[in-house]
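Got the viewer open? Here is a short tour, one selection at a time.

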Amino acid sequence: MLRRLNTSVVTFVQSFFLPESQLSSAQKWVLGLVNLGAVVVFWVLSSFLVNDLFESNVYRKPFFMTWINTSCFIFYLIPYLKYEGLTIGEFLSLLREDFYRPNAMCLADLEQSSPKSSTYGSSSDDTLVALLEIEAVDSKAQQDEDVGLWETVLLSFKFVLFWFLANLVTNASLSYTSVASQTILSSTSSFFTLLVGAFYGIEKINKNKVFGILLSFSGVILVSKIDSWDESVPDGAPSSLSAWGNILALVGALIYGLYTILLKHKISKPNSTSERILNTHLFFGFVGLFSLTMLWPLILVLHYTGAETFQFPNTYHILLILAANAFITFISDFCWCKAVLLTSPLTVTVGLSLTIPLAMVGDWIFRGFHINPMYMCGAAAVTLGFLVINKDEKEDFVAEE
């Protein structure tokens with residue numbers, strides 16, 4: 001038993017450094033579930049850490065905290081370069097080569113479509129064309145399986161704003177509402193994912209899914225009403241502002257649904273339900289790089305406009321919480337992406353609903369949250385809506401396979 005546990009731990013650690021192509025199907029499924037469990041615990045823990053700062057009003061800086069957390073993703077470039085055995089210069093050369101590769105493929109197609117000359121001395125030209133054709137075919141076959149370097153960097157550039165905004169409004173919502181309410185409302189992201197996915201033709205909507213959506217939002221409305229009546233909101237945030245916190249949580253769920261579907265759409269194979277292999281280290285690394293280099297001027301804008309005054313952490317307690325929250329976000333967001341790639345978005349969406357009871361238990365234990373039967377009914381309605389939708393989604397997924 002102990003040996004099996006040690007093997008499981010080692011395999012879990014290896015999943016952070018090995019590409020999915022080197023893992024067996026059983027490893028992918030088990031590691032995906034382990035990563036999902038880590039996400040559930042880490043996300044709730046992060047919410048409590050942020051809420052601890054906001055409720056005491058000692059450091060209410062949601063934009064700065066989000067910028068720090070997202071910029072830390074740049075450290076994922078270190079294991080990527082180490083595993084690939086590349087220096088920064090060698091990586092830039094490969095990136096430049098991958099950028100020009102489509103031009104080489106177009107040149108090969110052009111040479112192939114042009115009439116071949118039968119004159120003496122054309123053998124060298126034929127050899128060059130043949131080499132270009134072989135390289136083009138190999139490159140296209142590889143692109144069908146892997147997301148290229150340049151495409152991954154572009155994907156990071158496109159998604160950094162969505163990713164940042166989703167985390168920003170989620171952190172900001174904790175200034176005005178409880179962790180349990182924020183968790184429940186944020187969990188509605190699966191329904192936004194379903195709606196946006198139907199728009200892109202990735203998901204299918206039927207009566208069962210519509211019923212699940214209505215059931216879930218009835219629970220959302222119930223939780224929002226009860227939370228607006230509750231007095232246990234963060235200090236410095238009037239009870240009337242809890243509705244604003246709930247709206248921010250819903251906006252974060254909407255943005256999450258948008259970038260989840262867009263990510264799946266971008267890495268899917270053409271005319272297929274299967275997906276290409278995305279290097280998560282490279283993807284997250286450039287998300288952190290773009291956040292670090294492009295978003296810092298907004299800190300100055302917010303400071304001089306008075307929207308969020310910049311201030312360095314002035315106590316050890318604040319610094320410790322900021323560091324712990326950055327580390328948790330660093331691990332949990334990577335685990336989320338790995339869970340999606342190793343299992344399926346459906347499994348991850350169902351699993352994330354476990355944050356609802358976990359956050360409620362945490363609020364009751366650590367913050368003296370009053371046990372309200374109607375609150376529990378709202379949480380149960382949201383969870384039941386998840387189960388209805390995802391049961392139907394699983395049947396569609398199995399049928400397509």
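Which backbone oxygen lies 2.8 Å from a polar atom of the side chain of Arg 276? Select Arg 276 and look around its side chain: the oxygen belongs to Lys 266. Keep in mind as you click that this is a predicted model.

Stay with Arg 276 for a moment. You'll find it in the loop between helix 11 (242–267) and helix 12 (280–294). The side chain of Arg 276 also makes a polar contact with the side chain of Glu 151, at 2.7 Å. Is Arg 276 buried or exposed? Its relative accessibility is 11%, and with the cut-off for buried at under 20%, Arg 276 counts as buried.

Now zoom out and show the cartoon. You should see 17 helices and zero strands. The protein has 401 residues, and 46% of them count as buried. Take the contacts with a separation of 6 or more: 85% of them come from residues 24 or more positions apart. Switch on the surface and you're looking at about 20500 Å² of exposed area, with carbon and sulfur atoms supplying 68% of it.

Next, colour the aromatics. A search of the whole structure turns up 23 aromatic pairs. Start with Tyr 76 and Phe 330: their ring centres are 4.1 Å apart and the planes sit at 5°, so this pair is stacked. The two partners come from distant parts of the chain, 254 residues apart, with Tyr 76 in the loop between helix 3 (62–71) and helix 4 (77–84) and Phe 330 in helix 14 (residues 316–342). Tyr 76 is buried at 4% relative accessible area, and Phe 330 counts as buried too, at 16%.

Then select Trp 163 and Trp 336. Here the centres are 5.6 Å apart and the planes make 70°, so the pair is edge-to-face. This is another link between distant parts of the chain: Trp 163 belongs to helix 7 (residues 149–173) and Trp 336 to helix 14, 173 residues apart. Trp 163 is buried, with a relative accessible area of 1%, and Trp 336 is buried at 4%.

Now show both pairs together. Tyr 76, Phe 330, Trp 163 and Trp 336 are among the members of one aromatic cluster, which also includes Phe 73, Phe 159, Phe 162, Phe 283, Phe 284 and Phe 334.

Phe 159 is worth another click. Where does helix 7 bend by about 40°? Right at Phe 159. Measure helix 7 from its first C-alpha to its last and you get 36 Å for 25 residues, close to the 36 Å expected at 1.5 Å a residue.

Move on to helix 9 (residues 189–199). Eight of its 11 residues are buried, so helix 9 is largely enclosed by the rest of the structure. Among those buried residues are Phe 191, Phe 192, Leu 194 and Val 196. Just after helix 9, stop at Gly 201, which takes a positive phi of about 80°.

Last stop: Thr 315, in the loop between helix 13 (297–305) and helix 14. At 36% relative accessibility, Thr 315 counts as partly exposed. Its side chain reaches the backbone nitrogen of Ile 318 at 3.2 Å. Finally, add Val 58 to the selection: the C-alpha atoms of Thr 315 and Val 58 are separated by 9.7 Å, while the two residues are 257 residues apart along the chain.

Note on methods: Residues numbered from 1 in each chain as written. Heavy atoms only, no water. Phe/Tyr/Trp six-rings, centres within 6.5 Å; stacked < 30°, edge-to-face > 60°. Helix = DSSP H or I, 4+ residues; strand = E, 2+ residues; numbered from the N terminus. Buried < 20%, exposed > 50% of the residue type's maximum accessible area, 1.4 Å probe, protein only. Polar contact = N/O pair within 3.5 Å; in protein donor to acceptor, adjacent residues only side chain to side chain. Expected span 1.5 Å × (residues − 1). Bend = angle between axes of the 7 residues up to and from the residue. Contact = heavy atoms within 4.5 Å. Areas by Shrake-Rupley, 256 points an atom, 1.4 Å probe, with all protein chains shown as cover.
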